[in-house]
Amino acid sequence: MNSQLGKIKQEFFKSLEEIKDVLQLEKLENEFFSRKSGKMNEVMKVLKDLVGEARKEFGILANELKIEMEKKLAEKKQELNQEKLGSLIQEEEIDVTEPKLPIHEGGHLHPETKVLWEMEDVARSMGFIVEDGPELDSDYYCFEALNIPKTHPARDSQDTFYIKDHPEWCMRPHVSNMQVRLLQKYGVPLRAAYPGRVFRNEATDASHEHTFYQFEALVVGKDINIGHLVGIIKELLRGLYNTDVEVRLRPGYFPFVEPGFEMDMKCLICHGVGCGACKHSGWVETLGCGLMHPKVIEGAGFDSKVWTGLAFGMGLTRLAMQKYKIDNIRLLQSGDLNFLKQF
Ligand code: PHE
């Protein structure tokens with residue numbers, strides 16, 4: 001073998017024997033193979049001064065040596081890694097008397113979320129599309145388009161949070177902001193449900209929250225009447241509670257429906273006898289509803305003499321309380337794990 005190559009080989013194998021860890025190995029690799037100053041690369045420079053057979057012979061030998069050295073490096077690396085792993089396992093002490101850690105308890109859906117998803121399923125099965133809407137919306141979609149002009153007293157009961165320096169924007173006080181949006185987007189006829197988070201400028205107390213969830217739906221078609229309204233609501237509630245629900249209508253005022261109603265359902269917890277959940281009346285105020293006001297339909301761009309509609313909206317909290325027989329509204333948002341774990 002060429003004496004230069006022989007010298008390198010000897011040097012390399014001697015150093016390799018002395019290697020004790022991966023760091024040293026890397027250093028060695030660098031010493032021989034670094035692109036800039038690696039010893040092997042230096043030797044290769046000799047090639048360019050050689051010609052003919054000598055050049056060919058040197059080339060072959062150098063290449064064979066390179067392959068051999070690389071193989072040894074890889075072997076050594078594996079050997080070192082194995083040793084390290086072995087010593088780690090030896091170091092690890094396993095205390096078999098140690099008590100086991102509690103198995104991680106996965107979270108689960110909040111009762112209101114379960115109710116929401118079930119309502120969405122029932123609505124879809126009845127041919128409604130289900131759509132999300134913006135929580136921050138314009139005064140127009142939240143009020144004006146719903147027949148609630150700026151000076152209307154109904155604004156007081158739906159007071160909400162406004163955006164500083166942007167009086168035209170507010171956090172929607174109800175999901176009814178979707179009524180005109182959906183009509184503009186999908187046209188008529190339409191069957192749509194639009195649940196979501198809503199906001200009110202309220203002092204929080206036992207039965208009032210500044211942030212809560214509503215589920216609303218509308219149907220626009222020809223000759224829609226109150227029979228459709230009551231039938232659809234009862235069917236939805238039956239889907240949610242898996243039982244027929246007794247309801248009653250009372251006159252109610254919402255500027256975007258005419259006529260408007262409040263609907264109560266017979267308390268499913270006490271079956272009308274009276275309990276905490278129904279404020280001992282036997283009935284639970286469940287939702288606001290009515291036939292869509294012609295102004296809303298016109299405002300969305302449709303002829304209210306041809307197109308009529310119904311709409312109803314409800315809070316999810318009471319629905320969930322009835323579903324899961326919870327008679328204290330405060331429990332739902334309390335974050336009390338002992339309570340929540342039951343669901
Ligand atoms: N938007 C009303 C509320 O928040 C509920 C409602 C919806 C009433 C649809 C009538 C029709 O109280």
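Colleague: How many disulfides does a search of the whole structure find?

Modeller: The search finds zero. This is a predicted model, in which local features need pLDDT of at least 70 and side-chain atom pairs count only at pLDDT 80 or more, while totals for chains, interfaces and linings use all residues. Residues are numbered from 1 along each chain as its sequence is written, and side-chain values use heavy atoms, with hydrogens and water left out.

Colleague: Why is the pair Cys267 and Cys270 not called a disulfide?

Modeller: A disulfide is a pair of cysteine sulfur atoms within 2.5 Å. For Cys267 the closest cysteine sulfur is in Cys270, at 3.6 Å, so the two are too far apart for a bond. Seen from Cys270, the closest cysteine sulfur is that of Cys267, again at 3.6 Å.

Colleague: What makes Cys267 buried or exposed?

Modeller: The relative accessible area decides: under 20% is buried, over 50% is exposed, and in between is partly exposed (1.4 Å probe, protein chains only). Cys267 has 1% relative accessibility and therefore counts as buried. Cys270, with a relative accessible area of 12%, is buried too.

Colleague: Which share of the protein do buried residues make up?

Modeller: Of the 343 residues, 41% are buried. The protein exposes about 20,100 Å² (Shrake-Rupley, 1.4 Å probe, for residues only the protein chains shown counting as cover). Carbon and sulfur atoms supply 52% of that area.

Colleague: How do you know whether the protein is a compact globule or more spread out?

Modeller: First, the content: there are twelve helices and eleven strands (DSSP runs numbered from the N terminus; helices are H or I with at least four residues, strands are E with at least two). The radius of gyration, taken over C-alpha atoms, is set against a globule rule of 2.2 Å times the number of residues to the power 0.38. That rule gives 20 Å for 343 residues, and the protein has 38 Å, well over it, so the protein is more spread out than a compact globule. Along the principal axes, its C-alpha atoms fill a box of roughly 110 × 60 × 40 Å.

Colleague: Which domains is the protein divided into, and what separates their centres?

Modeller: Domain 1 covers 2-91 and domain 2 covers 111-340, with bounds that come from an automatic or database domain assignment. Their centres, taken over C-alpha atoms, are 77 Å apart.

Colleague: What is the C-alpha separation of Gly221 and Glu83?

Modeller: It is 78 Å, for residues 138 apart along the chain. Gly221 is found in strand 7, and its 8% relative accessibility is why it counts as buried. Leaving aside neighbours within four places in sequence, Gly221 is in contact (heavy atoms within 4.5 Å) with Pro189, Val306, Trp307 and Thr308.

Colleague: What makes a set of residues a nonpolar core?

Modeller: The members are buried Ala, Val, Leu, Ile, Met, Phe, Trp, Tyr and Cys residues, joined through side-chain atoms within 4.5 Å. The largest such core here has 40 residues, of which Phe215, Phe312 and Leu319 touch the most other members. Among the elements giving two or more residues to this core are helix 5 (111-125), strand 7 (211-221), helix 9 (226-241) and helix 11 (316-324). Helix 9 gives the most, with seven residues.

Colleague: Which residues does Leu319 touch?

Modeller: Not counting residues up to four places away in sequence, Leu319 touches Val115, Met119, Leu237, Leu240, Tyr241, Thr286 and Met314. Another core, of 29 residues, lies apart from the largest one and includes Met178, Val180, Leu182 and Val220.

Colleague: Which omega goes with the peptide bond from Val188 to Pro189?

Modeller: Omega is near -10°, and the bond is cis. Pro189, already listed as a contact of Gly221, sits in the loop between helix 8 (178-186) and strand 5 (190-193). The bond from Glu258 to Pro259 is also cis, with omega near 0°, and Pro259 is in strand 9.

Colleague: Why is Asn147 called buried, and why is Asp165 called exposed?

Modeller: Asn147 has a relative accessible area of 17%, so it is on the buried side of the cut-off. Asp165 has 68%, and is therefore exposed. Asn147 has a positive phi of about 65° although it is not a glycine, and Asp165, not a glycine either, has a positive phi of about 65°. Asn147 lies in the loop between helix 6 (139-142) and helix 7 (154-157), whereas Asp165 is in the loop between strand 3 (162-163) and strand 4 (166-171).
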